[in-house]
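Work through the exercises below with the model open beside you. Each one sets a task, then solves it step by step.

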Amino acid sequence: MSSEAEAIELTAIEPRPAKGERTRQTILETAVDIASVEGLEGLTIGRLAEALSMSKSGLFAHFGSKLELQLATVDAARSVFIGEVIMPTLAGEPGLARLWNLCDAWFLYIQGGVFRGGCFFAAASAEFDSRPGPVRDKIAAIMKEWLAKLVRGIMESQAAGHILRESEPEQIAFVINSLQMGANWAFQLYGDRQAFDRARLAMLGLFHENATPVGAQLLPSRGHIRVGGDAD
């Protein structure tokens, strides 16, 4: 799949009328910020109206219900994630270098404080994992998108001769995602900034275990990642 086609696939969201779109986007930016900290259940028309100094009736013109607001907020968070993590890493040839950059971009997006509450989807997944319904279904679908993106990057690295043919892409993707979720958890709960580099070191070790000699040369050295300093 070409980079252009891949970008289209990842950013395809139902188009909306131009009228009122700027106001809607401003509302959703605030909604994502609130939900990342207070949770999607804490995101109500009233709470959002207060944060934006808008009337509830004005918000109802854009979102007719709490459920519609929640679903739109999840979509908005997905668009931010694509812009921060996916789009900057589409350039370059498919292979292990691009896969490493993609995984590292995930850490950078958390470290950069894009969402006040850390990884929006880590928090939303924990909040809704046992709550059946449209919101849970949408969150699950987006998380599957991310895992599928990782699997595709691993398979492309195998095709390029950078990852061993016998390695299992789904297993590697599972471990990568687990390391990312664990780093986000440690940072959010303890304020431990070292967690990101600990996760990077573990991920680098995973890649080296599964890399061919050619692929290993495309990875940063272990000395490039230093764990140290006081946790914030």
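**Exercise 1. Classify aspartate 104, then find its partner.**

Step 1. Aspartate 104 has a relative accessible area of 18%, so it is buried. The cut-offs are under 20% relative accessible area for buried, over 50% for exposed, and partly exposed in between (1.4 Å probe, protein chains only).

Step 2. Note the ground rules. This is a predicted model: local features need pLDDT of at least 70, side-chain atom pairs count only at pLDDT 80 or more, and totals for chains, interfaces and linings use all residues. Residues are numbered from 1 along each chain as its sequence is written, and side-chain values use heavy atoms, with hydrogens and water left out.

Step 3. Look for a partner of opposite charge. The side chain of aspartate 104 forms a salt bridge with that of arginine 200, at 2.5 Å from N to O. A salt bridge here is a side-chain nitrogen of Lys or Arg within 4 Å of a carboxyl oxygen of Asp or Glu.

Step 4. Place both ends. Aspartate 104 sits in helix α6 and arginine 200 in helix α10, so the bridge ties together parts that are 96 residues apart in sequence. Helices (H or I, at least four residues) and strands (E, at least two) are DSSP runs, numbered from the N terminus.

Step 5. Check the arginine. Arginine 200 counts as buried, at 7% relative accessibility.

**Exercise 2. Which other aspartate meets arginine 200 in a salt bridge?**

Step 1. The answer is aspartate 197, at 3.0 Å from N to O.

Step 2. Both residues lie in helix α10. They are 3 residues apart, which means a separation of about one helical turn.

Step 3. Aspartate 197 is partly exposed, because its relative accessible area is 22%.

Step 4. Look for shared partners elsewhere. Glu41, Lys66 and Arg131 are joined into one network by salt bridges that share partners.

**Exercise 3. Trace the link between α8 and α6.**

Step 1. Start from the total. The structure holds 9 salt bridges.

Step 2. Pick the pair. Glutamate 156 and arginine 98 meet through their side chains, 3.4 Å from N to O. The glutamate is in helix α8 and the arginine in helix α6, so the pair ties together parts 58 residues apart in sequence.

Step 3. Classify each end. Glutamate 156 is buried at 19% relative accessible area. Arginine 98 is buried at 11%.

**Exercise 4. Test the lengths of α8 and α9.**

Step 1. Set the rule. The expected span is 1.5 Å times one less than the number of residues in the helix.

Step 2. Apply it to α8, residues 134–159. Its 26 residues should span 38 Å, and the end C-alpha atoms are 37 Å apart, which agrees.

Step 3. Apply it to α9. Its 22 residues reach 31 Å from first C-alpha to last, close to the expected 32 Å.

Step 4. Look past the ends. Glycine 161, just after α8, takes a positive phi of about 80°. Glycine 191, just after α9, takes a positive phi of about 70°.

**Exercise 5. Describe the two sides of α9.**

Step 1. List buried residues. Among them are Ile172, Ile176, Asn177, Ala183 and Phe187.

Step 2. Find the cover. It includes α6, α7, α8 and α10.

Step 3. Turn to the surface. Trp185, Leu189 and Tyr190 form a nonpolar patch with about 380 Å² of accessible area together. Patch members have over 30% relative accessible area and no salt bridge; like charges are joined within 9 Å, nonpolar side chains (Val, Leu, Ile, Met, Phe, Trp, Tyr) within 5 Å. Areas come from the Shrake-Rupley method with a 1.4 Å probe; for residues, only the protein chains shown count as cover.

Step 4. Add methionine 181, also in α9. Methionine 181 is partly exposed at 23% relative accessibility. Beyond its neighbours within four places in sequence, methionine 181 contacts Trp106, Cys119 and Ala122. Contact means heavy atoms within 4.5 Å.

**Exercise 6. How many disulfides does the structure hold?**

Step 1. The count is 0. The test is a pair of cysteine sulfur atoms within 2.5 Å.

Step 2. Classify two cysteines. Cysteine 103 is buried at 0% relative accessible area, and cysteine 119 is buried at 3%.

**Exercise 7. Summarise the fold.**

Step 1. Count the elements: 11 helices and 0 strands.

Step 2. Of the 232 residues, 44% count as buried.

Step 3. Among contacts with a separation of 6 or more, 70% involve residues 24 or more positions apart.
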